[in-house]
Amino acid sequence: MVKAVLLDIEGTIAPLSFVKEIMFPYSKRKLCEFLEENWDKPVIQEIIRDASREVGKELNLEEAVETFSRWIDEDRKITPLKELQGYIWEEGFKSGELRAPLYEDAYKKIKEWNEKGVPVYIYSSGSVKAQELFFSHTEYGNILNLFSGFFDTKIGSKKEKESYLRIAEKIGLNPEEILFVSDNPDELRVARKAGFKVLQSVREDVQPSEEFKKIYSFEEIEL
Ligand SMILES: [Mg+2]
């Protein structure tokens with residue numbers, strides 16, 4: 001019997017396109033204004049120092065805007081960019097300019113599970129801090145309280161069986177008692193190996209895999 005649910009975010013309860021089509025363009029659009037306003041802050045100067053080291057020269061404001069903007073276009077996974085984007089997004093969420101989209105069927109089902117006393121957990125590669133920011137500023141308002149806990153890659157990679165065993169231990173249930181829903185076959189495969197019940201979420205651009213039972217909407221999930 002399923003006693004708890006573990007959910008992936010992107011491609012499962014929120015559109016995959018959000019990061020690429022909303023978050024990245026937002027950070028690019030706000031880059032110049034944000035750096036102008038926050039240039040002298042120590043945390044920002046620290047990021048600029050890291051970025052300067054990366055390009056091998058000391059960046060002034062104008063050059064920094066140019067450099068970060070290029071890195072966003074190139075989708076570079078480097079710390080100074082990730083950190084700067086984190087600050088820009090935080091401001092965007094707090095001001096209400098950014099709001100996290102959720103699939104309505106997922107939101108409704110999560111609420112229903114809450115009412116029935118089934119705890120819901122999140123496992124995403126975005127940091128727990130980013131997850132909390134996301135869920136406290138959604139299209140449905142602050143829904144942090146609908147979740148019993150958040151996991152990120154600090155517990156281990158989403159593609160390693162041991163991570164799921166550790167999560168089960170933290171939740172305090174046997175793996176067989178936890179349902180994991182994700183769009184990613186690699187994640188589902190290892191979670192199943194760890195003993196979890198799994199369902200593949202198939203949204204817009206996800207290829208259904210024959211290996212797993214699929215759902216096209218959370219309405220289809222019966223615990
Ligand atoms: Mg996903």
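**A two-domain chain, from Leu7 outwards**

Leu7 counts as buried, since 22 C-beta neighbours sit inside 10 Å. In this predicted model, Leu7 belongs to strand S1, which covers residues 4-7. Setting aside neighbours within four places in sequence, the contacts of Leu7 are Thr12, Ile13, Val120, Ile122 and Val181. Two of these can be tied to a named strand straight away: Val120 and Ile122 fall in strand S2 (120-123). Val181, for its part, falls in strand S4 (178-182). As for Leu165, that residue is 158 residues from Leu7 in sequence, and the two C-alpha atoms are 15 Å apart in space.

Stepping back to the whole chain, the secondary structure amounts to eight helices and six strands. Read from the N terminus, the order is β-α-α-α-α-α-β-α-β-α-β-α-β-β. The C-alpha trace spans about 60 × 30 × 30 Å along its principal axes. Of the 223 residues, 29% count as buried. Among contacts with a separation of 6 or more, 63% come from residues 24 or more positions apart.

The domain assignment splits the chain into domain 1 (4-15 + 99-220) and domain 2 (19-95). Their C-alpha centres lie 30 Å apart. Domain 1 is put together from two stretches of sequence, and the contacts of Leu7 with Val120, Ile122 and Val181 link one stretch to the other.

Next come the helix pairs of domain 2. Two packed helices are described by the angle between their axes and the distance between the axes. Helix H2 (residues 42-55) packs against helix H4 (residues 79-95) at an angle of about 150°, and the axes are 9 Å apart. That angle is over 145 degrees, so H2 runs roughly antiparallel to H4. The crossing of H2 past H4 is left-handed. On the H2 side, the residues involved are Ile47, Asp50, Ala51 and Glu54, and they meet Thr79, Pro80, Glu83 and Leu84 of H4. Sorted by class, this contact has four nonpolar, one polar and three charged residues.

H4 also packs with helix H1 (residues 17-38), here at an angle of about 95° with the axes 9 Å apart. An angle between 65 and 115 degrees counts as roughly perpendicular, so that is how H1 sits to H4. From H1, Met23, Tyr26, Ser27, Lys30 and Phe34 meet Gln85, Ile88, Trp89 and Gly92 of H4. The make-up of this contact is five nonpolar, three polar and one charged residues.

Just ahead of H4, the loop that follows helix H3 (61-74) holds Asp75. Asp75 has a positive phi of about 55°, although it is not a glycine. With 9 other C-beta atoms within 10 Å, Asp75 is exposed.

Back in domain 1, helix H6 (residues 128-136) has Ala130, Gln131, Leu133, Phe134 and Phe135 buried. What covers these buried residues includes H4, strand S2 (120-123) and strand S3 (149-151). H4 therefore turns up a third time, after its packing with H2 and with H1, now as part of the cover over H6.

Helix H8 (residues 185-193) has its own buried set, made up of Glu187, Leu188, Val190 and Ala191. The cover over the buried residues of H8 includes helix H7 (161-171), strand S4 (178-182) and strand S5 (197-201). After H8 comes Gly195, with a positive phi near 110°.

Finally, Asp105 lies in helix H5 (residues 104-115). Asp105 counts as partly exposed, because 16 C-beta neighbours lie inside 10 Å. Apart from neighbours within four places in sequence, Asp105 is in contact with Ser217, Phe218 and Glu219. By contrast, Glu33 is 72 residues from Asp105 along the chain, and their C-alpha atoms are separated by 37 Å. Asp105 falls within domain 1 and Glu33 within domain 2.

Key: Residues numbered from 1 in each chain as written. Predicted model: local features only at pLDDT ≥ 70, side-chain atom pairs only at ≥ 80, totals over all residues. Helix = DSSP H or I, 4+ residues; strand = E, 2+ residues; numbered from the N terminus. Buried ≥ 20, exposed ≤ 12 C-beta atoms within 10 Å, placed from the backbone. Contact = placed C-beta atoms within 7 Å. Domains from an automatic or database assignment. Axes fitted to C-alpha atoms, helices over the stretch in contact; angles between N-to-C directions. Parallel < 35°, antiparallel > 145°, perpendicular 65-115°, else oblique. Left-handed = near helix turned anticlockwise from the far one by under 90°. Nonpolar A, V, L, I, M, F, W, Y, C, P; charged D, E, K, R; others polar.
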